[in-house]
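Visitor: Good morning. I am new to this structure and would like to be guided through it. May I put some short questions to you?

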Amino acid sequence: MRVLLDTNLLVRAAITPEGSARAILRLIEESEEHALVISAYLLSEVADVLSRDRIRARWPLTDEEVRSYCEFPARIGEEVSAQPLPPIIEDPKDQPIIEAAVAGTAAVICTFDAHFYRQPVLAFCATRDIRVMNDADLLQSLRRHI
């Protein structure tokens, strides 16, 4: 299964090593049947979020730890170069996520972001055979397909 984890999941994987987001990354890394779809935009956004003062106040990651963590999805993932699409989603910061999923022929976008669960986005994703799922549903699905 080809999976794109939204920024919120990749950030959770960094700050909660024993959580479901990190478990998803481990399953993808360990399985030849699954692939992580990533983009330079996604990795940049993850590094930006992990470097914010309010995040570091709660989860004190050094610049080196942020860099090292971002190398992990870059190493296990397949980086795609997304092409611009007509606007699909309300939040312009989410548009590159949709574009990367399309470019990477992802079967799943895993996110907590409510914008992705709105009908126009779900309809667009359905035309590309992309499902939008939360982490619990994705983890269950990945475990079934190992």
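Visitor: Which residues does threonine 7 touch, not counting residues up to four places away in sequence?

Guide: Please keep in mind that this is a predicted model. Threonine 7 touches Leu42, Glu45, Val46, Val49 and Ile97, with residues up to four places away in sequence not counted.

Visitor: Where is the place of threonine 7?

Guide: Threonine 7 has its place in helix 1, which covers residues 7-15.

Visitor: Is threonine 7 buried or exposed?

Guide: Threonine 7 is buried, because its relative accessible area is 8% and buried means under 20%.

Visitor: What about arginine 12, where does it lie?

Guide: Arginine 12 also lies in helix 1. Its relative accessible area is 44%, so arginine 12 is partly exposed.

Visitor: Which residues is arginine 12 in contact with, leaving aside neighbours within four places in sequence?

Guide: Arginine 12 is in contact with Ala21 and Phe112, once neighbours within four places in sequence are left aside. In addition, the C-alpha atoms of arginine 12 and arginine 22 are 7.5 Å apart in space, while the two residues are 10 residues apart in sequence.

Visitor: Let us turn to helix packing. How does one describe two packed helices?

Guide: One gives the angle between their axes and the distance between the axes.

Visitor: At what angle do helix 2 and helix 8 pack, then?

Guide: Helix 2 (residues 20-30) and helix 8 (residues 135-144) pack at about 25°, and their axes are 10 Å apart. The two helices are therefore roughly parallel, a description that applies to angles under 35 degrees. Their crossing is left-handed.

Visitor: Which residues make that contact of helix 2 and helix 8?

Guide: From helix 2 come Ser20, Ala23, Ile24, Leu27 and Ile28, and from helix 8 come Asp135, Leu138, Leu139, Leu142 and Arg143. By class, the contact of helix 2 with helix 8 has 7 nonpolar, 1 polar and 2 charged residues.

Visitor: And helix 3 with helix 5: what is the angle there?

Guide: Helix 3 (residues 40-50) packs with helix 5 (residues 63-76) at about 155°, with the axes 10 Å apart. That angle makes helix 3 roughly antiparallel to helix 5. Helix 3 passes helix 5 in a right-handed crossing.

Visitor: Which residues of helix 3 and helix 5 meet?

Guide: Leu43, Val46, Ala47 and Leu50 of helix 3 meet Val66, Tyr69, Cys70, Pro73 and Ala74 of helix 5. The class count for this contact of helix 3 with helix 5 is 9 nonpolar, no polar and no charged residues.

Visitor: At roughly what angle do the axes of helix 2 and helix 5 cross?

Guide: The axes of helix 2 and helix 5 cross at roughly 40° and come within 10 Å. Helix 2 passes helix 5 in a left-handed crossing. Arg22, Leu25 and Glu29 of helix 2 make the contact with Tyr69, Phe72, Arg75 and Ile76 of helix 5. In this contact of helix 2 with helix 5, 4 residues are nonpolar, none is polar and 3 are charged.

Visitor: A change of topic: how many disulfides does the structure hold?

Guide: The structure holds 0 disulfides.

Visitor: Why is cysteine 70 not in a bond with cysteine 110?

Guide: The sulfur of cysteine 110 is the closest cysteine sulfur to that of cysteine 70, but the distance is 17 Å, which is too far for a bond. Cysteine 110 is in no disulfide, and its nearest cysteine sulfur, in cysteine 125, is 13 Å away.

Visitor: Are cysteine 70 and cysteine 110 buried or exposed?

Guide: Cysteine 70 is buried, with a relative accessible area of 11%. Cysteine 110 counts as buried at 0% relative accessibility.

Visitor: How many residues of helix 6 are buried?

Guide: In helix 6 (residues 95-103), 8 of the 9 residues are buried, so the helix is mostly covered. Among them are Pro96, Ile98 and Val102.

Visitor: What do the buried residues of helix 6 pack against?

Guide: They pack against strand 1 (2-5), helix 1, strand 2 (35-38), helix 3, strand 4 (108-110) and helix 7 (119-127). Helix 6 is followed by threonine 105, whose phi is positive, near 45°.

Visitor: Lastly, where does tryptophan 59 lie?

Guide: Tryptophan 59 lies in the loop between helix 4 (53-58) and helix 5. Tryptophan 59 counts as partly exposed, at 26% relative accessibility. Its C-alpha atom is separated by 9.5 Å from that of alanine 14, and these two residues are 45 residues apart along the chain.

How values were computed: Residues are numbered from 1 along each chain as its sequence is written. This is a predicted model: local features need pLDDT of at least 70, side-chain atom pairs count only at pLDDT 80 or more; totals for chains, interfaces and linings use all residues. Side-chain values use heavy atoms; hydrogens and water are left out. Helices (H or I, at least four residues) and strands (E, at least two) are DSSP runs, numbered from the N terminus. Buried means under 20% relative accessible area, exposed over 50%, partly exposed in between (1.4 Å probe, protein chains only). Contact means heavy atoms within 4.5 Å. Axes are lines fitted to C-alpha atoms, for helices over the stretch in contact, and angles run from 0 to 180 degrees between N-to-C directions. Angles under 35 degrees count as roughly parallel, over 145 as roughly antiparallel, 65 to 115 as roughly perpendicular and the rest as oblique. A crossing is left-handed if the near helix is turned anticlockwise from the far one by less than a right angle, and right-handed if clockwise. Ala, Val, Leu, Ile, Met, Phe, Trp, Tyr, Cys and Pro count as nonpolar, Asp, Glu, Lys and Arg as charged, and the others, Gly among them, as polar. A disulfide is a pair of cysteine sulfur atoms within 2.5 Å.
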